[in-house]
Amino acid sequence: MLDDRQTAATAWPAAYPQGYAVVDVETTGLARDDRIISAAVYRLDARGDVEDHWYTLVNPERDPGPVWIHGLTSDVLAGAPLFPEIAAEFAERLDGRVLVAHNAIFDWQMIAREYARARRTAPVRQRLCTIALSKELALPLPNHKLESLAAHFGVVQEHAHHALDDARVLAEAFRPSLHAAARDGVRLPLLECRPLTEWSDAPAAPRVGYQASYRQSGWRPARKRPACPYPNPGRYEPGKPLVQGMRVAFSGDTSVDRELLEDRAAEAGLHVATSLSRLTSLLVTNDPESATSKMVKARSFGTPVIDEAAFTQLLRDVAPAPADG
């Protein structure tokens, strides 16, 4: 395991963040309309040393979901504060720090949705996923579970799926990961966090297995986009602009909420495709080494692949569709 003596010989990277908030949330489920039922934050300084920690239960005002996983029953949560009541205290622990989590896109989106419901904004500008960091460091892990990362660094987990213990374990595993990255000059895989502000209280039908009295709210209700009015001009060519009508597919985690990114593409005159075929002009992914079905097909078809940052840059100047004739 790395310690300060091993990183002292090399100057700490000036570009690294000045502080981190290692976060874990337990939820009623994994869907967009699920709720946070507990949250924990370990605040770390620039070199990953623990400053303090915080934990709270949250009353989701609904069925708590898989109690057999998180152990939090309706009776336990009945007297807990509502999210708006802890939003300020939670925000204080996130403010000015990089949010660190294991599968960070999930924790960030759950947090962002809760703040949107409360008509507030989480003070988070960047996130760092410890799964992505372990890939950058090429750690010899059998899988990407938190328990595997903890075992690699000799961190003992005492209470899995308890937000406070999960956050502690992650904080203890993140510190040596951070020092390894600093020692080897690894660029941290930081992604942008944009607040989600399009919450709608439109009711939806309750899901099977949850209390029938619960009226779900909808997160950006699905709607059918109008068909792209431009013909497909073919594949994207590196070094050239995107052209209206190009078919664009997305795969994996994106720093901007996926639907918002797709909206921007459609507004620019691109055809947003839900699947990948030989006609796809471009695949956008932040993990080109992944084995998702879209990435596998892209390799097979020779489909051009770029990351989200490059795609966002290209969206600023999309070429008009060729004139007829």
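The following dialogue examines how several features of this predicted model earn their descriptions.

Visitor: What makes S3 and S6 edge strands of the six-stranded sheet?

Guide: The open sheet has the strand order S3-S2-S1-S4-S5-S6, with mixed pairing. Strand S3 (50-57) and strand S6 (190-192) each have a single partner strand, so one side of each is left without a neighbour in the sheet. From one strand to the next, the twist averages 25 degrees.

Visitor: How do you know that S2 and S3 are paired?

Guide: Pairing requires at least two bridges between the strands. Strand S2 (residues 36-45) and S3 share seven bridges in the antiparallel sense, and therefore they meet the requirement. One of the bridge partnerships joins Ser38 to Leu57 in S3.

Visitor: Which helix packs on the sheet and touches S1, S2, S3 and S4?

Guide: Helix H4 (residues 83-94) touches strand S1 (19-27), S2, S3 and strand S4 (98-101), and its direction makes about 20 degrees with that of S2. Helix H5 (residues 104-117) lies across S1, S2, S4 and strand S5 (126-129), running at about 80 degrees to S1.

Visitor: Why is the contact between Asp52 and Arg43 called a salt bridge?

Guide: The term requires a side-chain nitrogen of Lys or Arg within 4 Å of a carboxyl oxygen of Asp or Glu. For Asp52 and Arg43 the N to O value is 2.6 Å, so the pair satisfies the cut-off. Side chains of opposite charge can pair when their charged atoms come close. A search of the whole structure finds 11 salt bridges.

Visitor: Why is Arg43 called buried, and why is Asp52 called partly exposed?

Guide: Buried means under 20% relative accessible area, and partly exposed covers the range from there up to 50%. Arg43 has 16% relative accessibility and therefore counts as buried. Asp52, at 27%, counts as partly exposed.

Visitor: What makes the salt bridge between Asp287 and Lys135 a link between distant parts of the chain?

Guide: The closest N and O atoms of Asp287 and Lys135 are 3.2 Å apart, so the pair falls within the 4 Å cut-off. Asp287 lies in the loop between strand S11 (282-285) and helix H10 (293-301), whereas Lys135 belongs to helix H6 (residues 130-136), and the two are 152 residues apart. Asp287 is partly exposed, at 28% relative accessibility, and Lys135 is partly exposed, at 44%.

Visitor: How do you know that Arg183 and Asp184 form a salt bridge?

Guide: Their closest N and O atoms are 2.8 Å apart, which means that they too satisfy the 4 Å limit. Arg183, with a relative accessible area of 35%, is partly exposed, and Asp184 is partly exposed at 46%. Elsewhere, Arg35, Glu114 and Arg117 are joined into one network by salt bridges that share partners.

Visitor: Why is strand S9 described as largely enclosed?

Guide: Four of the five residues of S9 (residues 247-251) are buried, so the rest of the structure largely encloses this strand.

Visitor: How do you know that S9 pairs with S10 and with S11?

Guide: S9 and strand S10 (residues 271-272) are joined in the parallel sense over two bridges; the requirement is at least two, so this pairing qualifies. Val248 has Val272 in S10 as its bridge partner. S9 and S11 pair in the parallel sense over four bridges, and Phe250 stands opposite Val284 in S11.

Methods: Residues numbered from 1 in each chain as written. Predicted model: local features only at pLDDT ≥ 70, side-chain atom pairs only at ≥ 80, totals over all residues. Heavy atoms only, no water. Axes fitted to C-alpha atoms, helices over the stretch in contact; angles between N-to-C directions. Contact = heavy atoms within 4.5 Å. Buried < 20%, exposed > 50% of the residue type's maximum accessible area, 1.4 Å probe, protein only.
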